[in-house]
Amino acid sequence: MRTTARIRRTAQGSGGSVEAGAQRDADLARLIRAVAGGDRVALRGLYEATAPKLLGILLRILRDQGAAEDALQEVFVRVWQRADSYDPGSGAAFAWLAAIARHRAIDGVRQRKAARLDAPDEGWLERLADDRDGEADLARRDALARCLDAVDGPQRDCLVLAYCEGWSREELAARHDRPVNTIKTWLRRGLTSLRGCLEGA
Amino acid sequence: MSGDAGAPPFWAEDPDGAAGEYVLGTLDAAERAAFARALERDAALRAAVAAWEARLAPLAAAAPAVAPDPRVWAAVEARIAGRPEAGEGGDIGGARILRLERGLRRWRLAAGAAAALAAGLALWIAAGPRPAGETAQYLAVVDRGGGLPALIVRVDLAGGSVQVRSLAAETPPDHSLELWYVGAGAAPRSLGLVGAAEGRLTLPAALRTGLEGASLAVSVEPKGGSPTGAPTGPVVYSGKLVRE
């Protein structure tokens, strides 16, 4: 698997993380297509290339190592079963993988209904702007960082904590001491201004 | 019940905002379920969701990477192959126990969370009375990273029974643990549910000729067991049966 080998080298080359860029996404897309054809070696390659990042995503939402690793297992079984539903035309490969992981994590965290005891991570936007550790296309990331910055503070806070850590409307309402309907309005407005900014870019 | 009759769906007014909230994960449970169903038949909603996924993905990528335990890949591989990963060998000796997959995972017994799965689980598989002139005893120990043994299973080949004694196994709420027999190259066969205390399961007749090369696996299933006859949830424990 030449593609697998390249991704491994890339991963090593940047000290355990993986390089950003369209080339990498094209590699992932190729692996997903091979997985759709029943290639287990390709699944292994995809796992090696993306599992640490996906586990990071799962862990931030589920907040439990065991639960996150179980979810990671589910994610890759699902990728194996559903790789043929990946449409390269509809979006980037990493976004597709991240979406599978995030939906799994959101479903898990809603089901567990565990109380949110830990403080939010304040470093999301800094890391987003830090280009050394990204899966995403550089231009897309810069645009998102800039456009998130332009969103009203409280709306941005809700968007980021919901997306990155799986906060529910109720949890955000408690955090901001506002009614749930206000949070819903903030989320919708935040999304609208984010989209407007990204599409204007 | 299609749910399509009557009032327009909640997303009718602002489909793109609803798609964004679906991606954020902030729809409430009923909205989320209804939206997910609608996605299956509405290409425009799917496109809106894909667009939001693409817009926000760089933020997901900002999560710090965490190296998964090797056990995760082993479990994935076991499930896509339809059989559990064979464990490591050795160490059988006088202890009559082959400890598999030991030390692969250091469970973090995080405050209450996932405590059910965090409990160490061990399976001892021992054959019943040894038929004269033939070795027909198999055993395995499977645990989850060296935790306390939680379950003892005794397989009596001659009598065709599987005796299960639970020591410290905890089943996740609203789920069942299901024990699977996995012959080489064959689909897993359910041996039954792992109950709270002591129970006796029947060894399917087809398996009574021997357990050579087979493995055991325990998966987390919906309450009452797998609805499909094959493991559907995570395989949380597995180990290879060895002839004594």
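# Helices, burial and a shared core

Chain A has 10 helices and 0 strands. The model is predicted.

Colleague: In what order do the elements of chain A run from the N terminus on?

Modeller: They run α-α-α-α-α-α-α-α-α-α. Of the 201 residues of chain A, 51% count as buried. Among contacts between residues at least 6 apart in the sequence of chain A, 66% join residues at least 24 apart.

Colleague: Why does A:Ala99 count as buried?

Modeller: A residue is buried if 20 or more other C-beta atoms lie within 10 Å of its own. A:Ala99 has 20 C-beta neighbours inside 10 Å, so A:Ala99 counts as buried. The residue sits in helix α5 (residues 93-112) of chain A. Its C-alpha lies 9.9 Å from that of A:Val75, with the two positions 24 residues apart in sequence numbering.

Colleague: How do you know what α4 (residues 65-82) of chain A should span?

Modeller: The expected span is 1.5 Å times one less than the number of residues. For the 18 residues of α4(A) this gives 26 Å, and the end C-alpha atoms are 25 Å apart, so the two agree. α4(A) is also mostly covered, with 15 of its 18 residues buried.

Colleague: What do the end C-alpha atoms of α3(A) show when set against a straight helix?

Modeller: They fall short of it. α3(A) has 23 residues, for which a straight helix would reach 33 Å at 1.5 Å a residue, but its ends are only 28 Å apart. There is a kink of about 55° at A:Thr50, shortly before the proline A:Pro52. After α3(A) comes A:Arg63, with a positive phi near 60°.

Colleague: Why is α3(A) called largely enclosed by the rest of the structure?

Modeller: Because 19 of its 23 residues are buried.

Colleague: What makes the buried residues of α10(A) line one face of the helix?

Modeller: Helix α10 (residues 180-200) of chain A has 21 residues and reaches 30 Å from first C-alpha to last, close to the 30 Å expected. Its buried residues are A:Ile183, A:Trp186, A:Leu187, A:Gly190, A:Leu191 and A:Leu194. Seen down the axis, they fall within an arc of 130°, so they line one face. On the other side, A:Asn181, A:Gly196, A:Glu199 and A:Gly200 are exposed.

Colleague: Which elements do the buried residues of α10(A) pack against?

Modeller: In chain A, α7 (138-150), α8 (153-165) and α9 (169-176); in chain B, α1.

Colleague: Which residues of the largest nonpolar core touch the most other members?

Modeller: Of its 88 residues, these are A:Val35, A:Leu46, A:Leu54, A:Leu58, A:Leu72, A:Ala98 and B:Leu59. The largest share, 13 residues, comes from α3 (residues 40-62) of chain A. A second, separate core has 19 residues, including B:Val164, B:Tyr181, B:Leu191 and B:Ala214.

Colleague: What does B:Leu59 touch?

Modeller: Leaving aside residues up to four places away in sequence, B:Leu59 touches A:Trp124, A:Leu128, A:Leu144, A:Val160, A:Tyr163 and A:Cys164.

Colleague: How many residues does the contact take from each chain?

Modeller: It takes 58 residues from chain A and 40 from chain B. On the chain B side, the elements giving two or more residues are α1 (15-24), α3 (43-60), α4 (70-81) and α5 (115-118). Of these, α3(B) provides the largest share, 9 residues.

Colleague: How do the residues of chain B's side divide?

Modeller: Into 29 nonpolar, 4 polar and 7 charged.

Definitions and conventions: Residues are numbered from 1 along each chain as its sequence is written. Chains are lettered from A and ligands numbered from 1 in the order in which they are written. This is a predicted model: local features need pLDDT of at least 70, side-chain atom pairs count only at pLDDT 80 or more; totals for chains, interfaces and linings use all residues. A nonpolar core is a set of buried Ala, Val, Leu, Ile, Met, Phe, Trp, Tyr and Cys residues joined through C-beta atoms within 7 Å. A residue is buried if 20 or more other C-beta atoms lie within 10 Å of its own, exposed if 12 or fewer, and partly exposed in between; C-beta atoms are placed from the backbone. Helices (H or I, at least four residues) and strands (E, at least two) are DSSP runs, numbered from the N terminus. Two residues are in contact if their C-beta atoms, placed from the backbone, lie within 7 Å. Ala, Val, Leu, Ile, Met, Phe, Trp, Tyr, Cys and Pro count as nonpolar, Asp, Glu, Lys and Arg as charged, and the others, Gly among them, as polar. The bend at a residue is the angle between axes fitted to the seven residues ending there and the seven starting there. The arc is that of the directions from the helix axis to the C-beta atoms.
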